[in-house]
Amino acid sequence: SMKSNGADIIFINTALKDVGTKSEMKLMGMNGWNIITKRGGWSYYPWSGQTKSDAMTEDDHKLAIEDLDMLEDFLTYKEKGKSIDYYGMEDVDGTECFKIKMIDNYGKESTYFIDPETYMTIKITTKTKTNGQVNEYSSFFSNYKKLPEGLVMAMNSNYGWDESTITKIEINAPVDEKIFVPSK
């Protein structure tokens, strides 16, 4: 869930490894979504005037498709052809963090700021180039919780516009692959 400009937004994110992701959003009484699969990506946001789904650009799809494997970047960076460099320590809101930059095959740069006491990422600055434009944004993570399955997840995140809070995570729940086929 998230509050943005006074409006409540509810998100339901579903991911099936190597098959697809779907992010559903409920905003102003309307339902929208974003779907990513190996063959393409689509979005439908009726609050922005869309009357049917739109396909992602090839550049946007290249950046998004990497998330389908759902494996941690630091565990799989070599096999994915990414490079990692250590840039020393840098202060993030009073915490001296390890600063590590990862660059992928498409030129996406992600700089991770990792708390040396907990080894949890507290900030990621991402720089991408899509459709001829360079975009840079920072994401902040907090309130890490250990799930019954043993994974540790940030329950709060801030992507620069508003903070979101995760209220429920289900791991290995059954997923009908039909949800990754765009409607509208």
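This passage describes the nonpolar cores and selected strands of a predicted model. Local features were taken at pLDDT of at least 70 and side-chain atom pairs at pLDDT 80 or more, whereas totals for chains, interfaces and linings use all residues. Residues are numbered from 1 along each chain as its sequence is written, and side-chain values use heavy atoms, with hydrogens and water left out.

The largest nonpolar core (buried Ala, Val, Leu, Ile, Met, Phe, Trp, Tyr and Cys residues joined through side-chain atoms within 4.5 Å; buried means under 20% relative accessible area, with a 1.4 Å probe and protein chains only) consists of seven residues, namely Ile-100, Met-102, Tyr-112, Ile-114, Ile-124, Phe-141 and Ala-154. At least two residues of this core come from each of strands E8 (95-103) and E9 (109-114), strands being DSSP runs of at least two residues, numbered from the N terminus. Apart from this core lies another of five residues, including Ile-35, Trp-42, Tyr-44 and Phe-180.

Thr-121, located in strand E10 (residues 121-130), is buried, with a relative accessible area of 16%. When neighbours within four places in sequence are left aside, Thr-121 is in contact (heavy atoms within 4.5 Å) with Tyr-112, Phe-113, Ile-114, Phe-141 and Tyr-144.

In strand E5 (residues 41-44), Trp-42 and Tyr-44 point one way and Gly-41 and Ser-43 the other, all of them buried. Strand E4 (residues 30-37) runs antiparallel to E5 and is joined to E5 by four bridges, where pairing requires at least two DSSP bridges between two strands. The two strands E4 and E5 form a hairpin with three residues between them, and Ile-36 has Gly-41 of E5 as its bridge partner. E5 is also joined by two bridges to the antiparallel strand E6 (residues 54-55), in which Asp-54 is the bridge partner of Ser-43.

Conventions
Buried means under 20% relative accessible area, exposed over 50%, partly exposed in between (1.4 Å probe, protein chains only).
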